[in-house]
Amino acid sequence: MDMKSISPPGRARPHHFAGAQREVEPFTYFTERNFENITQVNELPADLRFDMTVVSSVLPFKVNSYVVNQLIDWSDIPDDPIFQLTFPQKGMLTEDHFQRMAKLIRADAPRNEIKEEANRIRLELNPHPAGQTTLNVPTLDGEVLPGLQHKYRETVLFFPAAGQTCHSYCTFCFRWAQFVGMSDLRFAAKEASQLAEYVRRHPEVTNVLITGGDPMVMKTHKLEQYVEPLLDPSLEHLQTIRFGTKSMAYWPQRFVSDADADDLLRLFERIVQSGRSVAVMAHYNHHREMETEIAREAIRRIQSTGAVIRSQSPLLTHINDSAGVWELMWREQVRLGIIPYYMFVERDTGAEHYFKIPLVKAVKIFREAFRHVNGLARTVRGPSMSATPGKVEVTGISRVAGEKVLALRFLQGRNPEWVGKPFFAKYDEEASWLHHLKPAFGEEKFFFEDELDEMSRRKIEETGGN
């Protein structure tokens, strides 16, 4: 296939791989129902396999053959970071939750009993943190739009129904509730007409983030149906279309050898040619995810369309909780032309207790890695908490008026007036989330709390409590 006809002058053309040039690897995945079919898993101790069965009965589990065969070091189990990133571990459930499920499974309880108990546990895991189902959901003509979120003034999130799964699931994922089969916990929109109309009526919206799940699990022709309405010239205020995806790490074949990989690149080019930018928000949690030949080819092909790749990841115990890992990851991303964007704090949901890192330690890891990279990598921001009031960055540890404090500021806020405003919390070596912190200097509340409460009240009135 000749890619020359679709590439703007002066831009490198995406490479095309014909069948004779590259063996096409079929997408094969495994879940809690068949993971023991994985050869490497069958060689693991029986107790470890049982732990996987118990945990995967509550938290979502899906892994594919590329991750299994190309990314995991099976000689380093269970400590291998990609294994921790994709396979269930006993500690991902509390001891109480684990034993409740293990008892049923050992007794060979009926499937419906296991499912009911799993659902009870899931509801105890804060399935939708930071006001996702209440404060973030917009309305159009008095109708709630459950497949959209509008938390920050300029940005709308869109959850296409066909993209609410992934090539593999991350064990830390804060959107785990999307994947466990509980429909009342799931965000999804079946068509894009309401999205385009909502954006049309909100000229303050400059970018749409198509997210999930992972929109790259969709065939290109399906993805086009969601994107096409956003390219209407009447939406001239829409400057950027973002795609939140882990596919570049978990299934780079999506951009290289899948049957419609070239069509996907054409879609990116068409967006760019419409006068908008394409931002691929790539989820990389470890430098190993960028080290295979096909992963690097996927990066090159995406960039050749005019799309910009930005990287983000939470800081996670067992996976990337050292400055050296982040330094290497940021250095490699800059070398590959990727822009480091965010270091997040693990959200207060799901298996958070297993992955979380105290904010004080997170600041130290961030600063140690940050000071060892050059200015091109210092585009990264963090550690940042995507909390109910907004994205709050922990900028450092200071001593102010004789008091040791954590210095914070808003990178994004429900009220744009909060953005960039510094505030301070009492120094706390155990705190791992915003609601663990207390205001410094004897203040009773943080400056935004009363206004946030009023926003919540108004939103409940607007949506009728939905």
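Start by selecting Thr155, which stands opposite Asn207 in strand 7. You're in a predicted model, where local features need pLDDT of at least 70, side-chain atom pairs count only at pLDDT 80 or more, and totals for chains, interfaces and linings use all residues. Numbering runs from 1 along each chain as its sequence is written, and side-chain values use heavy atoms, with hydrogens and water left out.

Now select 155–158, strand 6 (strands are DSSP E runs of at least two residues, helices H or I runs of at least four, numbered from the N terminus). Thr155 and Leu157 point one way, Val156 and Phe158 the other, and all are buried (under 20% relative accessible area, 1.4 Å probe, protein chains only).

Add 207–210: four bridges join strand 7 to strand 6, and the two run parallel. (Pairing takes at least two DSSP bridges.) Then add 148–152, strand 5, which runs antiparallel to strand 6 with three bridges. Two residues sit between strands 5 and 6 in this hairpin, and Leu148 has Phe158 as its bridge partner.

Next, the second largest cavity, about 40 Å³. (A cavity is a set of points on a 1 Å grid over the protein atoms alone where a 1.4 Å probe fits but cannot get out; lining residues have an atom within 4 Å of a point. The volume is the space filled by probe spheres set on the points, which are joined across faces, edges and corners.) Select helix 12 (323–335), which gives four lining residues, the largest share. Strand 10 (308–315) and strand 11 (339–345) each supply at least two. Look for Trp326, Trp330 and Tyr342, among others in the lining.

Terms used:
Buried < 20%, exposed > 50% of the residue type's maximum accessible area, 1.4 Å probe, protein only. 1 Å grid on protein atoms, 1.4 Å probe; cavity = no way out; pocket = protein on both sides within 12 Å on 5 of 7 lines; lining within 4 Å.
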